Amino acid sequence: MATEIKELTSKKENYAKWYNDLVIKAELAENSAVRGCMVIKPYGYSIWERIQRQLDDMFKATGHENAYFPLFIPKSFFSRESEHVEGFAKECAVVTHYRLKNDPSGKGVIVDPDAALEEELIVRPTSETIIWSTYKNWIQSYRDLPILCNQWANVVRWEMRTRLFLRTAEFLWQEGHTAHATREEAEEETLRMLDIYSDFAENYMALPVLKGVKTASERFAGAIDTYCIEALMQDGKALQAGTSHFLGQNFAKAFDVQFLNKEGKRDYVWATSWGVSTRLMGALIMAHSDDNGLVLPPNLAPYQVVIVPVYKNDEQLAQINAKLQPLIDELRASGIRVKYDNSQNKKPGWKFAEYELKGVPVRLTMGARDMENNTIEIARRDMLTKQTVDFDRVMTTVKTLLVDVQKNIFQKALDFRASQTFTIETYDEFKHKIEEGGFLLAHWDGTAETETLIKEETKATIRCIPFDGDKTSGRCMVTGKPSVGRVVFARSY
RNA sequence: CGAGAUAUAGCGCAGUUGGUAGCGCGCCACGUUCGGGACGUGGAGGCCGGGCGUUCGAGUCGCCCUAUCUCGACCA
């Protein structure tokens, strides 16, 4: 269980409950095979679904198409791009057999030793190898380019240490893989996708992110450049929320993907890949949650509005139902995701707590008092405040409130980040400040040696060289050598 | 895989110097309630992670497994 998430909430029982609502760890067997996996419960999955749907729309709006490639990748596919393989070889799950049989000793089943595969299959840790093997057959001419594919899939990485949501053995993600005729076009694509990610993070997840480029040592295995969006969690640790890679011609060369260009000359295609995962759900939880549970931004909340009737008997409930039905219809007609919870097996107080736990941004309450006065109570999750308004004004109030909550959650996270971002001049100051968490902006001499030294001494890594960072030159805080601008350091997940 | 910790009811936890298990929440029934997780009464639910040992007797002591959590190495 991710304590970091735990630490954000102090009401232990409450925490267990809301957390449990989203996800449970797989405890299916006393075996490490399911260790670090998770079972996502319906409510948790519906959040992922919102993420998926929104991103998918954004991908399609920029000309991308979805495809699906196999889960199993023949081992031989991995012997092509050596840097890439080195990056993943240590964490691959391998299928070696295709059959079970009853244990001759009579207890349970065993793997049939006679059913060994001639060539082992690797459960994809990422799909570059199989996709590029396929692209080779799809590409002959510049007319076949660009290929702009995305895949929604699960991947498996046998991590030494897992962390729920942030680093599970199996996770869901989206991986885009594109092929282009020119370097410029591929580079443009890499940055376009990075922009989509930051747009999504900030405007849908209400999560402020830093855009930048990774240093060589933090780069994706096989990439020329890795760009990323970095977010800051409430506990002061950084989280890489998405990456977009410019792969150059590395994969094209490894998989021999050539095409005939306009000039009639053969050339290798230029590639990109980009992805975000269920880790985003972890980011969402850790960035916004409070002691009462989740705080979901309206743009991603499975339910944006929940309506709770308060009544003493069936007759009253019937009256409230009748009163609310047109409102529910109208809210839905204007595209607002509404849940009307008039279930009779739960008390109003219980419902209030429950939907706060689930992070529903706006709650409407209607009881006898409101019926009499023709009013309705409106509560907002982010501030935990409520007001009573005229029933006739409920539509407009809800609409503005949803916008306001979205804005407010983002602003809160932005203010928090600002309060946790420090400009650092000396290494002593750095060592001291890093203990409190946050983003530290400091000068670095650009060498991997210094980067490693800092990591070893402080556990801080360079999260990125930010696009809009301080570009004034200075001196490395460790070595005193020249630096062309400040980079962002933090301890991270 | 190294270091530390934990494993008792669905969840969170007690359990004294060894004597065959409790509490809170949740669950079920009935009644009163219903505008912030209602209350009362009654009830269901446990191979005390697994194995071996010490003992007349083990949740408790010893050893060995296994799983989980925290911190490292690895990583989205």
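This report covers the domains and strand pairings of chain A in a predicted model.

## Domains

The domain assignment splits chain A into domain 1, domain 2 and domain 3. Domain 1 takes in two segments, 3-75 and 127-288. Domain 2 covers 305-411, and domain 3 covers 421-490. Taken over C-alpha atoms, the centres of domain 2 and domain 3 are 48 Å apart.

## The three-stranded sheet

Strands β4, β8 and β5 form an open sheet in the order β4-β8-β5. The pairing is antiparallel. Its edges are β4 (72-74) and β5 (94-97), and each of these pairs on one side only. Neighbouring strands of this sheet are turned against each other by 40 degrees on average, direction ignored.

Strand β8 spans residues 116-123. Three bridges link β8 to β4, and the two strands run antiparallel. Within this pairing, Phe72 lies opposite Val123 of β8.

## Pairings of β9

Strand β9 spans residues 147-156 and pairs with β3, residues 65-66. Here the sense is parallel, with two bridges. Asn66 has Asn150 in β9 as its bridge partner.

Strand β9 also pairs with β10, residues 170-180. These strands run antiparallel and are joined by 10 bridges. Leu148 is matched with Thr178 in β10 as its bridge partner.

## Side chains in strands

One general point helps when viewing these pairings. Side chains in a regular strand alternate between the two faces of the sheet.

How values were computed
Residues numbered from 1 in each chain as written. Chains lettered and ligands numbered in written order. Predicted model: local features only at pLDDT ≥ 70, side-chain atom pairs only at ≥ 80, totals over all residues. Domains from an automatic or database assignment. Pairing = 2+ DSSP bridges. Helix = DSSP H or I, 4+ residues; strand = E, 2+ residues; numbered from the N terminus. Axes fitted to C-alpha atoms, helices over the stretch in contact; angles between N-to-C directions.
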